Amino acid sequence: KIPVLMLSFFQHALRSGIRRYHVSPALCQRAKVAMSHFEPNEYIDYGKLEKNINIVRKRLDRPLTLSEKIVYGHLDDPAKQEIERGKTYLRLRPDRVAMQDATAQMAMLQFISSGLPKVAVPSTIHCDHLIEAQSGGEKDLRRAKDINQEVYNFLATAGAKYGVGFWKPGSGIIHQIILENYSYPGVMLIGTDSHTPNGGGLGGICIGVGGADAVDVMAGIPWELKCPKVIGVKLTGKLSGWSSPKDVILKVAGILTVKGGTGAIIEYHGPGVDSISCTGMATICNMGAEIGATTSIFPYNTRMKKYLGKTGRADIAALADEFQQHLVPDPGCQYDQVIEINLSELKPHINGPFTPDLAHPVSDIGAVAEKEGWPVDIRVGLIGSCTNSSYEDMGRSAAVAKQALAHGLKCKSKFTITPGSEQIRATIERDGYAQILRDVGGLVLANACGPCIGQWDRKDIKKGEKNTIVTSYNRNFTGRNDANPETHAFVTSPEIVTALSIAGTLKFNPETDYLTGADGKKFKLEAPDADELPKLEFDPGQDTYQYPPKDGSGQHVDVSPTSQRLQLLEPFDKWDGKDLEDMLILIKVKGKCTTDHISAAGPWLKFRGHLDNISNNLLIGAINIENGKANSVRNALTQEFGPVPDTARYYKKMGIKWAVIGDENYGEGSSREHAALEPRHLGGRVIITKSFARIHETNLKKQGLLPLTFADPADYNKIHPVDKLSIVGLADFAPGK
């Protein structure tokens, strides 16, 4: 047994924020290990994981993939659960929940409606989405705190009342905070953001969901997930030169496309895995959201162990070492599909514009852009985001910038830097990376999502002006970053963004091309090299975490009835048990329709806690097949064309039910459940498409909308915007039938 005094010391050390306390493996074998420093009384239960895996392995009588081990290891009833990849629905017990501030508002409003006194699993709120990039980190953060005070106060007090940890604005991006503090090998974590799979870089099953799913888990209800298929990506060779982890996922996106991963977990394996840093693995998992994957994961290895140790979690690494056989795939396991990538042959990639699966080698993009008529001059280069804001990312970018500075050059393009967390910001300031990036012409933004999600007060162009930007972000849908439909956005690695920003053109290939220094001499950039982790310990920076009190029952949560930012939820009207007859078609959508098209972000983020106000952006970005325009649909009763939300409100006022007709992969992109809440709120009943993105389809079901797909996708062409629709046979499924 561990002496009581020794355990008390460990707990005191954790509560006091000591992040570098190392515990011997022998001691960990006998001691309970906390999930995180912030919840010293919530323990990792590898014993239960092992027990469940053994039950399922015996039942299925075959080797298991890593994905299956962790997913099935979290089954509510492993002995009786029906298990068939791609078909059955699993009832799962995730270990924890994470919510970013834009989606946490609606999630917490729903949890309040449940009447429960406290969350059933460890949960956190992260303030990262509401900070707009304008003039630089400190000023932008001060402005955000002022503008969003009502929302931040609601989230902080709701967190305190219901037992949810609260990361204040300025803490950093949710996914970087999770990687630094909460993800660990074998964890099952759900988050109200589509890039939650970032945690797969530490060997966890981390899945993006809508707020209603999160509320189920926080309420102690088993969470349902369609049993995922497993796509294996075998990595051989070794990354080198200008090639980076980002190029792995850019290549995979080009192979699988934006819907190729739907309903599947992407499981990376093979000898090439060990050449990728832990944060590099997180980058790859993060952008798996862009191919529709349920999540992505890497097997536990020494790179993860090294990262856990550097972030003050050597005790977790020691425990993971003991259970390593459950944190890697079984030999001989079978995948539903296998892709093989030789990292030694992988070239730097850049994807876009307007979709993250349009893949090009960097060496080709200049010629392709000229042929396609895309602007080759780069107006802005942007590095950071939840995908690429690690210490290694910043170090490799600084290594490129340092070479340019040595030859008297600065960026020809505007250049911005977004640190992923307060810990990253403080550490790159201490180690000089931030200053190098400033010296080359960069502007360091707040530790937040910023331009990646459209929180960018861009001043250098006018709306409608054709231009090109390059980013290390994950998405590049039309208008996503700056609300300008003519911005051609390309995604690539941070070091390629930095090199292209120095050159100022897509026609520059850093592997082969030369720059001209201030002295008139030509020089070539050398491939960047940087430490994956700091030589010294991480600098934690400012303390930005609010612990929930042990008893929050006396905490008051304010929601003003006159607020324009927050609104308590009222129940939706109940189904009358009858067939849906003579519905009008609100809009027949042409082509790509992401959650950005259905419920835009950017300036609309401020209404994420007020359902009626944010419903004024319903489908304003979707293209109407009838006239080829956005936010212009025919009112079937007046025959006049008007905005989509106004038309939906008119139908609701008249008591008329309506439907939406969609194209392929409808609802791809973000996990935002507002894209399902809004049509339900404004009287929608059915969404009929060729196919759905996973999260959006689930969100529609959770909010009482009927998501249907055409038995034959060609039937999409048989429906006209002026038609009336009826769904018959529903009455047979009414309660009591």
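In this predicted model, strand E3 (residues 123-126) runs parallel to strand E4 (residues 165-167), and three bridges hold the pairing. Within that pair, Thr124 sits opposite Gly165 of E4. Helix H8 (residues 174-181) packs on the sheet here, touching E3 and E4 as well as strand E2 (96-100) and E5, and its direction makes about 150° with that of E2. Helix H9 (residues 211-218) packs on the sheet too, with E2, E3 and E5 as the strands it touches, at about 145° to the direction of E2.

Zooming out, the sheet is an open one of six strands, lined up as E6-E5-E2-E3-E4-E21 with mixed pairing. The edges belong to strand E6 (205-208) and strand E21 (545-546); each has a single partner strand, so one side of each goes without a neighbour in the sheet. In general, the strands of a sheet pair through backbone hydrogen bonds, in either a parallel or an antiparallel way.

Strand E5 spans residues 188-191 and includes Gly191. How buried or exposed is Gly191? Its relative accessible area comes out at 0%, so Gly191 is buried. Setting aside neighbours within four places in sequence, Gly191 is in contact with Ala98, Thr196, Ile207, Gly208 and Val209. Gly210 is 19 residues away from Gly191 in sequence, yet their C-alpha atoms are 8.0 Å apart in space.

Next comes helix H12 (residues 302-310), whose buried residues are Arg303, Met304, Tyr307, Leu308, Gly309 and Lys310. Those buried residues pack against H8, helix H11 (278-286) and helix H13 (314-322). At the start of H12, Asn301 has a side-chain oxygen that reaches to within 3.2 Å of the backbone nitrogen of Arg303. Just past the other end of H12, Gly312 takes a positive phi of about 75°.

As for the nonpolar interior, the largest core has 166 residues, and the members touching the most others are Leu235, Tyr268, Phe298 and Leu506. Once neighbours within four places in sequence are left out, Leu235 still has contacts that include Val248, Tyr268, Pro271, Ile276, Phe298, Ile341 and Leu343. A separate core of 23 residues lies apart from the largest one, with Leu584, Cys593, Ala622 and Ala648 among its members. Nonpolar side chains tend to be buried together in soluble globular proteins.

Turning to charges, the structure holds 38 salt bridges. One of them links Glu422 with Arg425, where the closest N and O atoms are 2.8 Å apart. Both residues belong to helix H16 (residues 422-430), and the three-residue gap between Glu422 and Arg425 is about one turn of the helix. With 3.6 residues a turn, an α-helix has residues three or four places apart pointing the same way. Glu422 has 6% relative accessibility and therefore counts as buried, whereas Arg425, at 25%, counts as partly exposed.

Another salt bridge joins Asp457 to Lys459, with 3.3 Å between the closest N and O atoms. Asp457 is partly exposed at 23% relative accessibility, while Lys459 is exposed, with a relative accessible area of 67%. Arg458 has its own salt bridge, to Asp460, and there the closest N and O atoms are 2.7 Å apart. Arg458 is buried, because its relative accessible area is 11% and the cut-off for buried is under 20%. The Arg458–Asp460 pair is part of a wider network, in which salt bridges with shared partners join Arg379, Arg458, Asp460, Glu465 and Asp482.

Note on methods. Residues are numbered from 1 along each chain as its sequence is written. This is a predicted model: local features need pLDDT of at least 70, side-chain atom pairs count only at pLDDT 80 or more; totals for chains, interfaces and linings use all residues. Side-chain values use heavy atoms; hydrogens and water are left out. Helices (H or I, at least four residues) and strands (E, at least two) are DSSP runs, numbered from the N terminus. Buried means under 20% relative accessible area, exposed over 50%, partly exposed in between (1.4 Å probe, protein chains only). Contact means heavy atoms within 4.5 Å. Two strands pair if DSSP finds at least two bridges between them. Axes are lines fitted to C-alpha atoms, for helices over the stretch in contact, and angles run from 0 to 180 degrees between N-to-C directions. A polar contact is a pair of N or O atoms within 3.5 Å; within protein, one must be able to donate a hydrogen and the other to accept it, and residues adjacent in sequence count only if both atoms are side-chain atoms. A nonpolar core is a set of buried Ala, Val, Leu, Ile, Met, Phe, Trp, Tyr and Cys residues joined through side-chain atoms within 4.5 Å. A salt bridge is a side-chain nitrogen of Lys or Arg within 4 Å of a carboxyl oxygen of Asp or Glu.
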